[in-house]
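Visitor: Please take me through one part of this chain at close range. I would like the loop regions, with the setting they sit in.

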Amino acid sequence: MREDFFSYNQETEQKEDLDFNQLVKCPHCKKPIPQDAISCYYCGSQVDFNKKPKWVYLVVFLVTIILLSYLIFF
Ligand SMILES: [Zn+2]
């Protein structure tokens, strides 16, 4: 939605006004990078902020199944 900001070209010159809410620190070099970045711009390390490990989904799935079966059978 950047196109909606008419003053965007002016704001790009003010680095301090970048939306730092969207930036996160690189776990490797501690430099600010966008939250949706796949790899760090500075050190090139892969960063997966939005991805959870697969076991998280597995645990959530299993807990849900156990709770459901508990509710149904007991
Ligand atoms: Zn980095």
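Guide: Here is the chain in outline, followed by two loop residues. This is a predicted model, in which local features need pLDDT of at least 70, side-chain atom pairs count only at pLDDT 80 or more, and totals for chains, interfaces and linings use all residues. Residues are numbered from 1 along each chain as its sequence is written.

The chain has 2 helices and 2 strands. Helices (H or I, at least four residues) and strands (E, at least two) are DSSP runs, numbered from the N terminus. Their order from the N terminus is α-β-β-α. Of the 74 residues in the chain, 4% are buried. Buried means that 20 or more other C-beta atoms lie within 10 Å of the residue's own; exposed means 12 or fewer; partly exposed is in between; C-beta atoms are placed from the backbone. Now contacts, which require C-beta atoms, placed from the backbone, within 7 Å. Among those between residues at least 6 apart in sequence, 3% join residues at least 24 apart.

Take K30. It sits in the loop between β1 (23-25) and β2. Its phi is near 65°, a positive value in a residue other than glycine. K30 counts as exposed because it has 11 C-beta neighbours inside 10 Å.

Next, Y41. This residue belongs to the loop between β2 (32-34) and α2 (54-73). Y41 has 12 other C-beta atoms within 10 Å, so it is exposed. K31 is 10 residues away from Y41 along the chain, and their C-alpha atoms are separated by 8.8 Å.

Notes:
Two residues are in contact if their C-beta atoms, placed from the backbone, lie within 7 Å.
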